[in-house]
Amino acid sequence: MEKYYTLNEVAMMTGLNTRTLRNYLKMDVLKGEKIDGIWKFSECEFSDFISNPYVKPSLQAKSKAIVFDFLNEKEKQLNEICTILDLHVDLTESDEISEFFCTERNKRPEEKITFSFERNGTYTRLILRGYEDTVMEILHAYYNL
């Protein structure tokens with residue numbers, strides 16, 4: 001059975017807000033289908049979207065902003081981690097990684113976790129930012145699969 005992402009999941013993985021994604025839908029840059037009134041995007045549609053040369057600069061800017069904001073915050077209330085994973089994986093494994101981190105993020109809706117996902121040729125870049133314990137928990141879950 002094919003995996004589908006919701007509009008909110010696509011927003012979480014790209015760092016783009018849902019309004020921007022809806023604009024991309026209107027412009028036919030993002031393709032999907034409404035199922036029972038909810039936008040759904042297949043892995044292939046998501047992959048095509050994040051690979052689109054029109055969208056790529058926005059995704060890269062969002063990813064850089066996560067790191068930039070982390071570095072520029074001078075006073076933090078709690079310990080935080082911002083980590084970048086560059087993984088040389090095929091498309092199937094890239095989709096599995098995306099799904100894993102999206103699922104892990106959704107398990108912790110109350111936590112402040114920023115997540116960015118980008119495919120660029122032969123690698124997948126993932127940026128994860130949040131409180132130390134939470135980020136470490138997610139990373140341990142990923143590496144202990």
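**Exercise 1. Strand β5**

Decide whether N120 is buried, partly exposed or exposed in this predicted model, and state where N120 lies.

*Solution.*
Step 1. The relative accessible area of N120 is 28%.
Step 2. The cut-offs are under 20% for buried and over 50% for exposed, with partly exposed in between.
Step 3. N120 is therefore partly exposed.
Step 4. N120 belongs to strand β5, residues 113–120.
Step 5. For a distance across the model, take Y24: 96 residues separate N120 from Y24 along the chain, and their C-alpha atoms are 20 Å apart.

**Exercise 2. The whole chain**

State how many helices and strands the protein chain has, give their order, and compare the radius of gyration with the globule rule.

*Solution.*
Step 1. There are six helices and six strands in the protein chain.
Step 2. Along the sequence they come in the order β-α-α-β-β-α-α-β-α-β-β-α.
Step 3. The radius of gyration is 15 Å, close to the 15 Å that the globule rule gives for 145 residues, so the chain is as compact as a globular protein of that length.
Step 4. Along the principal axes, the C-alpha atoms fill a box of roughly 40 × 30 × 30 Å.
Step 5. Of the 145 residues, 41% are buried.
Step 6. Take the contacts between residues at least 6 apart in sequence: 65% of them join residues at least 24 apart.

**Exercise 3. Surface and charge**

Give the area that the protein chain exposes and count its positive and negative side chains.

*Solution.*
Step 1. About 8,500 Å² is exposed, and carbon and sulfur atoms supply 50% of that area.
Step 2. The side chains include 19 positive and 25 negative ones.
Step 3. The centres of these two sets are 7 Å apart.

**Exercise 4. The faces of α2**

Which residues of α2 are buried, and which are exposed on the other side?

*Solution.*
Step 1. L21, Y24 and L25 are the buried residues of α2.
Step 2. Viewed down the axis of α2, these residues fall within an arc of 105 degrees, so they line one face of the helix.
Step 3. The general rule is that an α-helix has 3.6 residues a turn, so residues three or four places apart point the same way.
Step 4. R19 and K26 are exposed on the other side of α2.
Step 5. The partners of the buried residues are α1 (7–14), β3, α3 and α4 (56–72), against which they pack.

**Exercise 5. Helix α3**

Which residues of α3 are buried, and what are the contacts of E45?

*Solution.*
Step 1. α3 spans residues 43–51, and its F46, S47, F49 and I50 are buried.
Step 2. These residues cover an arc of only 160 degrees around the axis, which puts them on the same side of α3.
Step 3. E45 is also found in α3, but its relative accessible area is 22%, which makes E45 partly exposed.
Step 4. Setting aside neighbours within four places in sequence, E45 contacts K31, G32 and K40.
Step 5. E33 is 12 residues from E45 along the chain, and the two C-alpha atoms are separated by 10.0 Å.

**Exercise 6. Positive phi in two loops**

What is the phi of D28 and of D36, and in which loops are these residues placed?

*Solution.*
Step 1. D28 is not a glycine, yet its phi is positive, about 65 degrees.
Step 2. D28 is in the loop between α2 (18–26) and β2 (33–35).
Step 3. D36, also not a glycine, has a positive phi of about 55 degrees.
Step 4. The loop that holds D36 runs between β2 and β3 (38–42).
Step 5. D36 has a relative accessibility of 77% and so counts as exposed.

**Exercise 7. N79 and E132**

Locate N79 and E132, and find the contact that links them.

*Solution.*
Step 1. N79 is in the loop between α4 and β4 (80–88).
Step 2. With 54% relative accessibility, N79 counts as exposed.
Step 3. E132 is in helix α6, residues 132–143, and is partly exposed at 33% relative accessible area.
Step 4. Not counting residues up to four places away in sequence, N79 touches G130, Y131 and E132.
Step 5. By that same count, E132 touches N79, E80 and I81.
Step 6. E132 and C82 are 50 residues apart along the chain, with 8.7 Å between their C-alpha atoms.
Step 7. N79 and K56 are 23 residues apart in sequence, with 31 Å from C-alpha to C-alpha.

Notes: Residues numbered from 1 in each chain as written. Predicted model: local features only at pLDDT ≥ 70, side-chain atom pairs only at ≥ 80, totals over all residues. Heavy atoms only, no water. Buried < 20%, exposed > 50% of the residue type's maximum accessible area, 1.4 Å probe, protein only. Helix = DSSP H or I, 4+ residues; strand = E, 2+ residues; numbered from the N terminus. Arc of directions from axis to C-beta. Rg over C-alpha atoms; globule rule 2.2 N^0.38 Å. Contact = heavy atoms within 4.5 Å. Areas by Shrake-Rupley, 256 points an atom, 1.4 Å probe, with all protein chains shown as cover. Lys, Arg positive; Asp, Glu negative; His and termini not counted. Charge placed at Lys NZ, Arg CZ, Asp CG, Glu CD.
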